[in-house]
Amino acid sequence: MNSSPLLPLLWFLAILCLIPLALWLLKRTPLGGAGSQTHGAMRLVAQLPIAPNQRLLTVEVGQGDDRRWLVLGVTGQQISTLHVMPPQAEAPSGAGLAPFANGSFAQQLGARLRGQTPAHVEDKSAGGRDAS
């Protein structure tokens with residue numbers, strides 16, 4: 001058998017070409033961990049701009065029974081979790097933040113910022129008694 005001096009060089013080049021292909025395939029198969037990633041398990045439900053670099057976001061995370069809504073305060077420097085709650089009914093498109101059980105979050109936040117107590121809290125604090 002005649003061995004060409006170019007044969008080892010061709011094998012070397014073939015292996016070099018197969019490395020990126022193997023990495024690309026691993027990235028897209030369950031063997032490489034693609035099945036363990038949670039694609040689509042996070043979505044933006046609503047956002048409310050507060051200032052040029054400040055926003056309130058409602059983000060849905062998780063799937064199935066593990067779904068949660070996170071209300072996040074986002075600035076240029078940090079992201080803070082303000083509230084965690086079970087998923088709520090979706091707001092009609094074009095609305096600000098999705099409605100919460102007792103009025104929208106935007107209304108509640110606005111009332112708190114103005115130093116007022118939201119109406120649903122006042123009703124509860126009266127204990128359901130009437131003033132007669």
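## Working through a four-stranded sheet

Strands β3 (residues 68–74) and β4 pair in the antiparallel sense over six bridges; strands here are DSSP runs of E, at least two residues, numbered from the N terminus, and two of them pair if DSSP finds at least two bridges between them. The model is predicted, so local features need pLDDT of at least 70 and side-chain atom pairs count only at pLDDT 80 or more, while totals for chains, interfaces and linings use all residues. Residues are numbered from 1 along each chain as its sequence is written, and side-chain values use heavy atoms, with hydrogens and water left out.

**Exercise 1.** Find the order of the strands in the sheet and name its edge strands.

*Solution.* Start with the order: four strands run β1-β2-β3-β4 in an open sheet, with antiparallel pairing. Next, the edges are β1 and β4 (79–85), each pairing on one side only. Then zoom in on one spot: W69 stands opposite M85 in β4.

**Exercise 2.** Is L44 buried or exposed, and what does L44 touch?

*Solution.* First, place L44 in strand β1 (residues 42–51). Its relative accessible area is 44%. Buried means under 20%, exposed over 50%, and partly exposed in between (1.4 Å probe, protein chains only), so L44 is partly exposed. Now look for contacts, meaning heavy atoms within 4.5 Å: leaving aside residues up to four places away in sequence, L44 touches L57, T58 and V59. L57 is 13 residues from L44 along the chain, and their C-alpha atoms are separated by 7.3 Å.
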